[in-house]
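Trainee: Mind walking me through this one? I'd like to take it piece by piece.

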Amino acid sequence: KIIQLQHGAHRLGRRNDADMARWRAYGLGQFIHWGLYSIPAGEWNGKMYNGAAEWIRTWKEVSPQAYDSLIYRFNPTKFNPDSWAAVAKQMGVKYVTITTKHHDGFCLWPSKFTDFTVANSPYKKDIIGPLVKAYDKQGIDVILYFSVMDWHNPDWRYDIKTRDDSIAFNRFKQFTRNQLLELLTQYPSAKGLWFDGTWDKSWVKQAAFADSLETEMRKLHPGLIIGSRFRADEYGKRHFDSNGNLMGDYEQGWERKIPEKITDVHGNDWDCVMTIPENQWGYAKTWQGHIKTADELLEMLAKCVSLDGNFVLNFGPKPDGTLRAEELSLAKAIGDWMTVNKEAIYNGEYAGFIKQDWGYFIKSTASNKIYMLVFNIPVSGVLRVATPSHMAIRKAYGLDNAASNYTSEEIGSSTYFIHPNQQITPKKPFVIVLETGEEAKGQTGGYE
Ligand SMILES: C[C@@H]1N[C@@H](c2cn(-c3ccccc3)nn2)[C@H](O)[C@@H]1O
């Protein structure tokens, strides 16, 4: 039974325009979380905060006023956006998502609608503009992260209970609209907005306002890409409306998690945003727990692209504007792998092959080739491939060098063993390219 909705999804299925096709082809992205929280970096009065560093303002040990006074210490003297963009370029990212304002309300651009911005810090200068310029110069697209929830703004409410709440929150809604239109006007080369901080009842109740604001932003910036986390429908449903249709242009539900199988993504575009430690987005002095290795991150990247998504890895720059050593070395390792294997990632999409234990299949919308991204070689040394029916394997060769070739043996209908023609003892994930074609018509009839 279909529910009549004014403020649900306004489009069924994927966007089919060129701007979205560009976004769909990215494969690999970089997230950057930078702001006042980078200064305490998870520590306050000598005590370690065991939550996410960018949430330290909510810790009972921290007085909000003391936190907000960090504005007078924001002075990243070593900030050089070109060096960040160069690291991203070597890593092979196609887009970057940058925090313009996180939940604490501190703006990395000189917004006219609040004093709580870089303009009133010792640094004084705009951060967002130079970052956008530096990434644009490297041919890396920019998406602007914006938190609706704003702990600094006195008009912010978690819920609307009284008339006063409603009067204050109406001011807050205008403030939010003003800032978003300001960002789109000041940084027109941005390709999209990545919204966060939209789960509280106060915002969830603003279906009509948020819907009209989304429409206004899309009119101001044709082609703008906005995810499913921005707004709720009139029944308070988020990401998927009351009829189960995705709101926005791609699903934004995969934060620090990855879908297991293709049916988990319901034919939608989506991105996965991932931290290197367990759960730190802003710079944290000491990372607790497991720090993901380059091989783990490469497998996450391969898995996301094989299931029609983009993988966005987070960096939390230091308060002085430099990047920490662990992030630089992971960016380099990923970049070294991407240098050899990027054609298996860019323009990648779900190949429609049955998942095998050795790794992931990715089909290229650019070359129509099938890529096998191998992470786990079976003790047999032989890689099983089950193709969609009537598809035959014509050729198999290594992406790292076409000399490393493979023999495909048909072991059943649409089932093959890929035999390496040389001993494979790789220490890194590697890619095999399959060239496929229509299976020769077998004799029809008879018992098969
Ligand atoms: C992209 C990431 N989203 C922010 C976040 C996530 N959450 C959150 C809040 C409640 C439950 C689960 C997650 N709160 N803030 C993190 O601070 C970071 O910005």
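Trainee: Let's start with strand β10: how many of its residues are buried?

Mentor: Strand β10 covers residues 309-315, and it is largely enclosed by the rest of the structure because its buried residues (under 20% relative accessible area with a 1.4 Å probe, protein chains only) number 7 of the 7. Keep in mind that this is a predicted model, where local features need pLDDT of at least 70 and side-chain atom pairs pLDDT 80 or more, while totals for chains, interfaces and linings use all residues. Residues are numbered from 1 along each chain as its sequence is written, and side-chain values use heavy atoms, without hydrogens and water. So, the count for β10 is 7 of the 7.

Trainee: Which residues point the other way from G309, F311, L313 and F315?

Mentor: G309, F311, L313 and F315 share one direction from β10, and they are buried. The ones pointing the other way are buried too: N310, V312 and N314.

Trainee: Which residue in β10 stands opposite I32?

Mentor: Strands here are DSSP runs of E with at least two residues, helices are H or I runs of at least four, and both are numbered from the N terminus. Two strands pair if DSSP finds at least two bridges between them. Strand β1 (residues 28-32) runs parallel to β10, joined by 5 bridges. Opposite I32 you'll find F315.

Trainee: And what is the handedness of the crossover from β9 to β10?

Mentor: Strand β9 (residues 270-274) also pairs with β10 in the parallel sense, over 5 bridges, and D271 stands opposite N310. The chain gets from β9 to β10 through α8. With the strands pointing away from you, a clockwise path from the first strand over the helix to the second is called right-handed. This β-α-β crossover is right-handed.

Trainee: Which strands stand at the edges of the open sheet of 5 strands?

Mentor: The order is β11-β12-β13-β18-β15, with antiparallel pairing. Each edge strand has a single partner, so one side of each is left without a neighbour in the sheet. Those strands are β11 (348-349) and β15 (391-398).

Trainee: Which residue in β13 is the bridge partner of I362?

Mentor: Strands β12 (residues 359-364) and β13 (residues 370-374) run antiparallel and are joined by 5 bridges. The partner of I362 is Y371.

Trainee: Last one: how far apart are the axes of α3 and α9?

Mentor: Helix α3 (residues 81-91) and helix α9 (residues 325-341) pack at an angle of about 40 degrees, using axes fitted to C-alpha atoms over the stretch in contact and angles from 0 to 180 degrees between N-to-C directions. Their axes are apart by 7 Å.

Terms used. Buried means under 20% relative accessible area, exposed over 50%, partly exposed in between (1.4 Å probe, protein chains only).
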